[in-house]
Every structure is written in C-alpha cells, then in structure tokens.
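Colleague: Please take a close look at one part of this model for me, the packing of its helices and aromatic rings. I would like one connected account.

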Amino acid sequence: MKKTTSVLTLLLLIFAVYWSFKALMPTYSPDATSSDNSFSTDRALTHIKEISKEPHAVGFKGHQQVRTYIVNELEKLGLETTIQEGYTAGDWANLCKATNILAKVKGTTNGKALMLMSHYDSNPHSSFGASDAGSGVATILEGLRAFLAANEQPKNDIIVLITDAEELGLNGAQLFVKEHEWAKDVGLILNFEARGSGGPSFMLMETNRGNANLIKEFIKANPEYPVATSLAYSVYKMLPNDTDLTVFREDADIEGFNFAFIDDHYDYHTALDTYDRLDRNTLAHQGSYLMPLLSHFSQSDLGQLKSLSDYVYFNVPFFKMVSYPFGWIWPMLLLAFILFLATLIIGFKKKVLNGKDIFKGFVPLLFSLLINGIVGFYAWRSLKWLYPEYKDMLHGFTYNGHAYIFAFAFFAMGICFYAYHKFKVVKTPNLLVAPIFIWLVICTLVNEYLSGAAFFIVPVLAMLVAFYISVHQKNPNAFLLVFLGIPAIFILAPFVKMFPVGLGLKMMVTATLFTTLIFFLLLPIFTRFRNKRGLAIFSFLLCVGFMVAAHMNSDFTETSPKPTSLLYVLDTDSQTANWATYDQKLSDWTAQYIGDDKTDPAALSNKTISSKYGSGFSYIAEAPLKEIAKPLIEVSKDTVINGNRQLEICITPKRNINRLEIFNNQIDIKKATVNGVALSEYYLSQRGRKKLITHYVSDNAYTELELEIDEKADLELTIYEASNDLLENNLFSIPQRPADNIPMPFVLNDAILTIQKLTFD
C-alpha cells in the first residue's frame with residue numbers, strides 16, 4: 001500500500017474511533033435563554049445546585065429541606081402535590097420511613113399513565129447527591145416545565161413520582177407499589193438514575209416478557225442520542241444492582257426504561273458527588289432522552305407495550321438505533337457460516353488459500369489473545385500491588401482510571417501489530433481465516449448463552465465481505481476495506497471503555513480483549529500496512545505514555561482525594577473501646593488514632609456492622625472509654641404458645657442516632673416484624689450473615705421488634721447503634737479531614753458505634 005494511502009486510511013480509522021465515542025452524547029452549550037418550551041440544561045442545573053447543597057440521606061437535616069424544595073417547584077408548575085409516607089423494609093430488611101413526592105398531569109383519556117421517576121435521597125452519609133439522583137430530579141422538573149410550556153395536552157395521565165429511600169433498599173418504590181392507589185394505573189415508567197458523575201447515559205429496559213414493542217416505540221420516539229444495546233441490559237440483569245424500576249417490574253409487572261450514566265465512577269456515593277463535578281454534557285443527554293420520550297409516550301397507547309418476543313438492538317452513529325427480532329439471530333449466523341465456507345472453497349480453488357498458511361494464521365491470533373488476556377486479567381491486581389493506596393478506592397475505579405484503560409488498550413494493539421508483523425510473509429487471505437473462525441465461534445456462543453450480544457455478527461458479516469474481496473482481488477481498494485471495518489469500530493469500540501468503567505478496573509481484561517477482537521476485524525486493512533513493526537512500537541510508546549501519565553496522577557490531591565474512615569467502637573457489655581478503620585493504607589489523618597499500636601481486627605471481625613461489599617475492619621487500636629448512652633431495651637412480651645416462643649422488644653435510642661442494626665445467633669427465626677413491617681419468609685431463610693434488620697432512623701424513632709422462634713432455641717441478639725457524628729460530638733476532638741481526604745463510601749464512617757448483646761435462654 002502506498003504511504004499516502006496508508007496514512008489516510010489510518011487517519012480515517014482513528015477518526016472513526018473518535019466518532020464512535022463523540023456521537024454518543026450531545027455537547028453542552030449555555031442555554032439559559034432558550035425558548036420556554038425547550039429543555040434547558042442551565043435551568044436544570046439551577047435545581048441541582050439547590051438539591052445538592054448538603055448531604056440529604058434519610059434522617060438527615062438536609063433531607064426534609066430537599067423534599068420541601070421539590071414540592072415547591074412542582075407547585076410552581078401548577079401541579080397539586082401530595083406526600084406518601086410509611087415504613088417499608090424492602091427485600092434486604094433495610095427498614096426506614098420513606099416519604100415519596102407525587103404529582104399528576106391529567107390526560108384526556110382514561111388509558112394507562114406514563115410515570116416520570118427519580119429519587120431525591122442521597123446516599124448516607126457524605127454524598128451530596130448532585131448526580132445520584134439530583135440530576136434525575138432536575139431533569140424531570142425542567143422537562144416537565146418545558147412540556148407544560150408547550151401547551152401540549154397529553155392523552156395519558158403523567159404521574160411524577162420522586163421516591164425516597166432508594167439508596168437504602170428501594171423503599172419508596174416499594175411503598176408506592178404496595179400501598180398507593182395510582183400504582184394500578186401506571187403503564188410505563190421513565191426512570192432517571194446515575195452511578196457516577198459523567199459520560200453517556202445508557203438506556204436499560206426493565207421487562208418481564210419480550211422487549212419488542214418497547215424497542216419499537218423507543219425508536220419511534222426518536223431520541224437524538226440513544227445509547228442502548230441488548231448486551232448492556234443482558235449484563236445489567238446479571239449484576240446485583242437494582243433501581244426503583246426493578247420494584248415496579250418484579251412486584252407489579254410494570255415495564256419501563258432506566259436512563260443512567262456510569263462514568264467518573266469514583267464520584268459515586270462520595271462527597272465528590274457535587275454540583276461542580278457533574279458533567280454538563282451528561283445532564284444535556286438526560287434531557288435529550290426525556291423530551292422526545294415524554295412527547296411520544298404521553299400520546300401513545302401504553303396498554304399495548306407488552307410483548308412475548310425479543311429484539312436485538314444496538315446504537316450506531318448516523319443510524320441511531322438498529323434492531324431486529326431474535327428470530328433473525330440463527331439465520332444471520334448461518335448466513336455467515338455459508339459465506340465463510342463458500343469463500344474458503346473459492347479461495348482453495350483459486351489457490352489463493354492453502355492449509356499451511358491458514359494454520360500459520362492461528363499463531364499470531366492465539367499469541368495476541370493469550371498475552372492480552374493474561375495482561376488484562378492481572379492488570380488490576382498488579383496496579384494494587386504497585387499502588388497499595390488503590391485498595392481504598394472501593395469503587396474499583398481510580399481517579400486516573402481512564403489513563404489506564406488507554407494504556408492497556410494501546411498495549412493490546414501493540415501486541416497485535418507485533419504478532420502480525422512477525423507473520424507478514426503470509427498473504428492476507430490466509431491470515432483472515434483464523435480471526436473469522438474465532439469470531440464465528442464467539443457469535444455461536446453468544447447466540448446460545450448471551451443472546452443480547454447477537455449483534456456481534458454484524459461487523460463479522462462486514463469482515464466476510466472483505467475476506468471475499470481479498471480472495472478475488474490482489475490489491476483491494478483500501479478505502480473500501482476501511483468502510484467495511486467501520487461497523488466493528490462504531491459498534492464495538494465503546495465497549496473497550498464501558499466495561500472497565502462500569503464494572504471497575506478489575507475488568508480491564510474486557511478492554512484488552514475487545515481491543516484485540518476489534519483488531520482482528522480490521523485485519524483486512526491492517527495487513528496492508530507495511531510497517532506494522534513501527535505501529536507496534538508506536539502503540540507501546542503510547543502505552544508507556546499513558547502509564548506515565550497515570551503514575552503522575554496516582555497521588556491523592558484535593559481534586560482526587562483519598563477515601564479514609566474512622567470509627568469509635570464501644571462494647572457496652574465489656575466496657576472496652578476501640579478506634580477502627582476500613583483503610584488498607586492509613587492516611588496521616590487516620591494514623592493519629594490508629595498508629596504504631598494498631599492491631600489485627602480479629603477481635604472485632606464478628607462485630608462489624610454490615611457494609612455494601614462485606615468489608616471488615618482493617619485495623620483497630622485501643623481507645624479511651626467515653627460515656628456513650630446505651631439504648632433503652634424493653635421486653636414487653638415473652639411467652640410460649642404451641643411450642644413457639646413469642647417476643648416483643650422495643651429499642652429506644654438515648655442519643656441521636658442514624659442507624660440501628662440487629663444480628664442474631666445461628667438459630668432459625670420463624671417470624672419477624674419490625675415497626676409493623678413483616679420480614680418475608682424467604683429473607684429469613686436466606687440470611688447468610690444472620691443480619692436480622694437494619695433500621696435507618698428518622699427523628700430518633702424507636703425500633704419495635706416482634707419475633708417468633710422455637711421454644712427450645714437460645715436466642716442471642718447483637719445490637720449495633722451508630723451515629724455519624726464522630727467529628728462533631730463534644731466528647732471527642734477529632735480534627736476535620738485534610739482537603740486531600742474524603743469519607744470512604746460504602747462503609748459506616750465518621751461514626752460512634754455501640755455494641756450490646758441481649759440473650760434469651
């Protein structure tokens with residue numbers, strides 16, 4: 001290939017990669033003066049600024065302030081707003097009093113209603129909740145304002161539900177589904193969420209049946225920047241993460257769409273989830289979903305959305321959304337096999353293909369897959385070994401994580417270029433057989449086990465065309481080969497970033513393997529580059545450059561602070577106290593209390609309040625005894641009826657607390673009711689750690705526990721009572737964290753924790 005052509009084709013490929021990401025979302029520009037009937041990102045930001053002034057988890061001072069603000073804003077739109085309040089425990093026995101905010105725009109017909117949903121509580125205890133989910137609330141407030149300003153009379157009722165206690169166990173959604181009269185009227189839900197502070201917003205459906213009608217209507221609504229693949233939802237269904245929409249699907253068979261962004265994952269549930277760090281492009285993307293979908297579904301027949309058939313779907317620049325029935329999956333794969341076999345036969349007849357060179361073609365392919373797979377698999381372990389402080393990033397995604405993704409992607413490209421440089425004597429058609437064969441195996445497996453990824457066959461079909469051309473032409477048109485490689489880039493390149501961003505750097509292997517597999521699909525053009533060795537060296541240099549950049553940004557700073565944790569733990573039975581931390585590498589701030597005298601936390605290993613990732617204390621140290629008030633525990637009933645012992649216990653806090661948690665010993669609990677809410681038999685039978693209940697306390701309320709156990713069982717309850725006031729409590733003089741530290745998320749933090757046992761022999 002001529003040098004000029006090589007340079008131009010390489011530039012085209014680079015531009016295609018750039019556009020595969022650029023086309024995912026809009027670019028924000030100031031729009032505060034835009035027309036009243038259009039969505040304004042700036043006007044939405046005004047809401048976020050108010051909502052995210054301080055942490056506003058359930059039971060926090062800011063919680064009621066945010067609720068009052070949202071109610072006032074809905075009333076400014078002329079909507080009658082109501083409040084729904086009640087105790088629920090969710091599926092995870094996380095009890096709290098949830099307070100939902102509701103409003104309705106009346107439609108002209110009596111069909112099913114469209115629901116707009118997000119949640120207004122932030123995560124305990126330090127998150128400001130700008131993205132999660134202030135962005136969702138603001139999107140709905142601004143979108144609804146623009147919709148009403150257009151004087152577009154909806155056919156369907158539009159229900160606004162701003163739920164509470166989503167962060168604690170989807171409690172507000174459960175309260176609405178089980179107890180509110182409007183629940184039976186809902187036909188479709190648009191739910192706005194966040195799991196980071198930037199990046200494109202992904203559309204993820206929730207349906208108990210097929211998705212065909214939902215996808216058809218979504219495409220008809222024609223959002224400008226759809227980012228949605230059936231693979232993403234297949235992966236989402238495998239993860240333990242749920243949203244409020246999951247409750248509606250599981251408990252009420254109500255379908256809907258989630259819109260959630262996941263980039264800058266390190267801000268999720270932290271003190272960094274602030275107004276200033278929210279990506280404006282991302283917020284504009286949320287608005288670009290809401291407006292066309294609100295206009296479309298407010299006029300559609302929402303009673304006709306259920307379907308028994310499924311569609312494969314994916315987004316691609318210029319075409320937006322592409323979809324086709326699951327019934328096409330195997331015929332498309334069969335077509336690919338037929339094209340492959342036919343081209344092989346033609347190639348052997350023309351003597352363009354030969355078995356020896358085809359066999360050689362498997363060597364660079366397997367070498368690339370093996371090296372890149374191993375390096376990607378051990379990447380995160382190696383990084384944590386080199387930088388032990390990364391262990392304290394419980395998200396599994398570091399502040400410099402994007403640089404690592406680039407580095408390992410370029411490493412994978414370098415390996416591929418080097419491997420195929422070594423086999424440059426093998427003619428192109430023979431080299432293409434191995435990657436096509438591997439890709440057909442992959443497509444067969446995903447068809448069988450991960451049907452949402454069946455669209456992988458599309459770029460493979462394009463490569464088969466390139467293979468056919470290469471068999472028939474000695475020097476195919478380079479630009480035609482680039483054109484045939486674009487589907488691989490447009491469809492697959494975003495996955496190189498999406499998986500390690502969304503699932504953490506432990507999934508770096510997805511970045512290296514997707515890069516490798518995309519390289520294979522581009523082989524028809526890459527094999528024509530004469531200086532593959534030079535491209536390999538250039539790729540390795542870029543890898544080194546990004547690794548250096550990541551190293552230069554590996555230290556914690558004010559903009560990328562270190563997560564730290566500190567607790568005061570008092571065992572009221574033994575009258576012993578400890579400082580405790582979850583930090584794997586102590587900061588100077590934590591080391592003031594857990595220094596050289598720190599010990600193994602084995603003594604507290606079974607006395608740890610539950611955390612999201614099952615984290616236990618990393619270090620403990622002796623602490624002075626403080627006069628921390630114990631809760632008042634009253635047993636109002638202890639009787640045996642028909643062989644079952646029935647207990648009623650009331651636990652009343654004697655200090656301001658945020659959380660109460662009760663564990664029991666290894667006995668079966670037949671029935672349990674907390675503050676009038678019965679825990680399900682399934683939950684009681686599945687508890688691995690024997691956590692009985694977590695009560696996120698509002699207004700310092702009591703916890704009333706009713707239990708039924710076998711009369712011969714010896715019951716032991718361990719009661720944990722926690723307050724997030726260690727840094728403000730007058731009994732202590734804990735200095736504020738330095739600017740380059742933040743409270744560690746996902747664990748109990750900045751807390752005074754008391755432990756107390758109660759036995760019933």
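Modeller: Leu369 counts as partly exposed, because its relative accessibility is 21% and buried means under 20%. This is a predicted model. Leu369 is found in helix α12, which covers residues 355-386. Leaving aside neighbours within four places in sequence, Leu369 is in contact with Leu513, Thr516, Leu517 and Phe520. From Leu369 to Ser680 the sequence separation is 311 residues, and the C-alpha atoms are 47 Å apart in space.

Next, helix α15. Helix α15 runs over residues 457-472, 16 residues in total, and spans 23 Å from first C-alpha to last, close to the 22 Å expected at 1.5 Å a residue. Twelve of these 16 residues are buried, so α15 is largely enclosed by the rest of the structure. Among the buried ones are Ile457, Pro459, Met463, Phe467 and Ser470. The buried residues of α15 pack against one strand, β9 (320-325), and against the helices α11 (329-349), α14 (428-449), α16 (478-503), α17 (508-521) and α18 (523-526).

Ile457 also appears in the largest nonpolar core, which has 147 residues; Ile457 is listed there with Leu190, Met203, Phe257 and Phe456 as having the most contacts inside the core. The helix that gives the most to this core is α16, with 15 residues. A second core, separate from this one, has 29 residues, including Leu647, Leu684, Ile709 and Ala713. As for Phe257, its contacts beyond four places in sequence include Leu188, Leu190, Met203, Leu214, Phe218, Leu245 and Phe297.

Then the rings. The count of aromatic pairs comes to 46. One of them joins Phe495 and Phe499: the ring centres are 5.8 Å apart and the planes stand at 35 degrees, so the pair is tilted. Both residues lie in helix α16, four residues apart, which is about one turn of the helix. Phe495 and Phe499 are both buried. They belong to one aromatic cluster together with Phe314, Trp439, Phe455, Phe456 and Phe514. Phe456 is thus named both in this cluster and among the residues with the most contacts in the largest core.

Two rings also have a charged group over them. Arg280 lies over the face of Tyr275, 4.6 Å from the ring centre. For Lys626, the charged end sits over the ring of Phe732, at 5.5 Å from its centre.

Technical notes. Residues are numbered from 1 along each chain as its sequence is written. This is a predicted model: local features need pLDDT of at least 70, side-chain atom pairs count only at pLDDT 80 or more; totals for chains, interfaces and linings use all residues. Side-chain values use heavy atoms; hydrogens and water are left out. Helices (H or I, at least four residues) and strands (E, at least two) are DSSP runs, numbered from the N terminus. The expected span of a helix is 1.5 Å times one less than its number of residues. Buried means under 20% relative accessible area, exposed over 50%, partly exposed in between (1.4 Å probe, protein chains only). Contact means heavy atoms within 4.5 Å. A nonpolar core is a set of buried Ala, Val, Leu, Ile, Met, Phe, Trp, Tyr and Cys residues joined through side-chain atoms within 4.5 Å. Rings of Phe, Tyr and Trp (its six-membered ring) pair if their centres lie within 6.5 Å; planes under 30 degrees apart count as stacked, over 60 as edge-to-face and the rest as tilted. A charge sits over a ring if NZ of Lys or CZ of Arg is within 6 Å of the ring centre and within 35 degrees of the ring normal.
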